[in-house]
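Hi,

Here is the structure I said I would pass on. Have a look at it first, and my notes on what turned up in it follow below.

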Amino acid sequence: MRSYTTRVAVWIVLYLLFILAPLFALLAGSLPPARDFWTEFSVAIGYAGLAMMGLQFGLTARFRYVTEPWGEDVIYHFHRQISLIAVALVIAHPIILFAVRPELLVLLNSFTAPWRARFAAMSVYSLIALVVMAIWRVKLKISYETWHITHILLAIIAVAAGLAHMVGWAFYLVSPWKRTLWICMTIFWIGLLFYVRIIKPLFLLRRPYRIAEVHKERGDTATLVMQPEGHSGFRFTPGQFGWLTVWGSPFKITGHPFSFSSSAAAPDGRVEMTIRNLGDFTSTIHTLPVGKRVYLDGPYGAFTVGNPADMHVLIAGGIGITPMMSIIRTFADNGDKRPVILLYGSKDWESITFREELDALKDRLNLTIVHVIRNPPADWTGERGHITAEVFKRHLPPPYADHEYFICGADVMMDSIEKTLDELHVPISKYHSERYSFV
Ligand SMILES: Cc1cc2nc3c(=O)[nH]c(=O)nc-3n(C[C@H](O)[C@H](O)[C@H](O)COP(=O)(O)OP(=O)(O)OC[C@H]3O[C@@H](n4cnc5c(N)ncnc54)[C@H](O)[C@@H]3O)c2cc1C
């Protein structure tokens, strides 16, 4: 694993600069006559909230160079948390104003209020809808695709209306250079959107893949083998993932993320994704015809193998086996004999994806496999139930902090394993988690 210390520091400084620039700009140069503290404070947090909202487009723009040091799941997590802070700031702005200047409450009547106040209301209502849908999407029974499109539209409306409101008041934008700063920031946000929705899809359109094979796997799962068409494909590191678009062009808003399950050492740019039937999209995978054109955006993710001197402990639950399979297959292709222990949790013996191939790979690698089965057959003598601290202690040589751990599976399993590692005094720098839910 590479060290990203400098890049991390640079991105954090740039991020803070983007958020704080509007605030510094407020304080610089010629100022309008000062108002009371709370009015000025509410304006300041409104500006900061808007700047943070605009930057959200950058966080989810899948810039590999930006996301690489953290991994996509961490970036999406940050996007969610920081959005809540940004929305809280934006909503606090009118609340504080109404509290200190009740005469402004008339602006809530959008029929009589001036346009600049209507834009503010539009921005705030869009943000509230956006947060409600993001937090309660599953409870509200909104499909991922519908939510995704609505989320983008609401975000655009919220930021555009926020800007229109700010320009409408123009209290702090009298000096030309302050206006220039905001115009530049707005162009930057529009540029990000243009890049994500136009430039990047155009690039993917010119680098399509064809389905070369579709084969069924154990556990209601299928593997897609994809071959680059007219280009050499991309190189990935085992453990990484890509976004797959099957129906439609790369301009389609929603792609689906899947880990690569194939060896990263494949010479001809072929990649494989192994997909479990868990919903509308994944249920169609086994029906895809050979020869169909698909689009792959990748590679992404920081869930990649590290120090060859460490023992690698791969902990997979269910379909979380896919990145582990890529790691193991790559080790086999490279003749890499570092010690690997795979702790593999499954529902039952029959649904263990890659069961036979994993068994065969033991002959080519220094690989130990421990199956942990929730509903084992009657004659099963191995581990049963869930992967627990006791399972760790039975199969891993101490000291536990000397190994490097890779965890992928259902959220509940990952939470429990991270807790176990913590109890075993394994430092956070020694384990890596790949979560299969961004939202
Ligand atoms: C980094 C990563 C790697 C993954 N690797 C694999 C893999 O190797 N094999 C595998 O079978 N599954 C993998 N998944 C999970 C897979 O992406 C979802 O199961 C799939 O997208 C569900 O789509 P659906 O329409 O069939 O199901 P739905 O019923 O529509 O969705 C089920 C859940 O999956 C999530 N989801 C749905 N669509 C998307 C999307 N476009 N983007 C992000 N999340 C979505 C949502 O949380 C949703 O609630 C991975 C997920 C992530 C985040």
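**Pockets first**

In this predicted model, the largest pocket has a lining of 48 residues, and Arg-276, Leu-278, Ile-319, Tyr-436 and Ser-437 are the ones nearest its centre. Seen by element, two or more lining residues each come from helix H6 (144-169), strand S3 (241-245), strand S4 (256-259), strand S5 (271-276), strand S8 (340-346), helix H11 (411-423) and strand S12 (431-435). The space inside the largest pocket comes to about 1,400 Å³. If you want the chemistry of that lining, it breaks down into 19 nonpolar, 20 polar and 9 charged residues.

Then there's the second largest pocket, with a volume of about 890 Å³. Its lining counts 42 residues, with Thr-60, Tyr-76, His-148, His-151 and Arg-197 nearest the centre. Here the elements that supply two or more residues are helix H2 (37-59), helix H4 (72-100), helix H5 (115-136), H6, helix H7 (176-205), S3 and strand S6 (293-300). The class split for the second largest pocket is 26 nonpolar, 10 polar and 6 charged residues.

Where does the second largest pocket lie with respect to domain 1 (5-204) and domain 2 (209-300)? Both domains contribute residues to its lining, so the pocket lies between them.

**The overall layout**

For orientation, the domain assignment splits the chain into domain 1 (5-204), domain 2 (209-300) and domain 3 (312-435). The centres of domain 1 and domain 3, taken over C-alpha atoms, are 42 Å apart. The C-alpha trace of the chain spans about 80 × 50 × 40 Å along its principal axes. You'll find 11 helices and 12 strands in the chain, and of its 439 residues, 50% are buried.

**Rings and charges**

The structure has 20 aromatic pairs. One of them is Phe-37 with Phe-41, a stacked pair at 5.7 Å centre to centre with 15 degrees between the planes. These two are 4 residues apart in helix H2, so about one helical turn separates them. As for the surface, Phe-37 has a relative accessible area of 55% and is therefore exposed, while Phe-41 is partly exposed at 33%.

Another pair worth pulling up is Trp-349 with Trp-380, which is tilted, at 5.4 Å centre to centre and 45 degrees between the planes. This pair links distant parts of the chain, as the two residues are 31 residues apart. Trp-349 is in the loop between S8 and helix H9 (355-361), and Trp-380 is in the loop between strand S9 (367-373) and strand S10 (383-384). Is Trp-380 buried or exposed? With a relative accessible area of 17%, Trp-380 falls under the 20% cut-off and so counts as buried. Its partner Trp-349 has 27% relative accessibility, so Trp-349 is partly exposed.

There is also a ring cluster, in which ring pairs link Tyr-209, Phe-234, Phe-236 and Phe-260.

Finally, two arginines to check in your viewer. Arg-7 has its charged end over the ring of Tyr-65, 3.8 Å from the ring centre. Arg-118 has its charged end over the ring of Trp-115, 4.6 Å from the centre of that ring.

Cheers

Notes: Residues numbered from 1 in each chain as written. Predicted model: local features only at pLDDT ≥ 70, side-chain atom pairs only at ≥ 80, totals over all residues. Heavy atoms only, no water. 1 Å grid on protein atoms, 1.4 Å probe; cavity = no way out; pocket = protein on both sides within 12 Å on 5 of 7 lines; lining within 4 Å. Points joined across faces, edges and corners; volume = space filled by probe spheres on them. Nonpolar A, V, L, I, M, F, W, Y, C, P; charged D, E, K, R; others polar. Domains from an automatic or database assignment. Phe/Tyr/Trp six-rings, centres within 6.5 Å; stacked < 30°, edge-to-face > 60°. Buried < 20%, exposed > 50% of the residue type's maximum accessible area, 1.4 Å probe, protein only. Lys NZ or Arg CZ within 6 Å of the ring centre and 35° of its normal.
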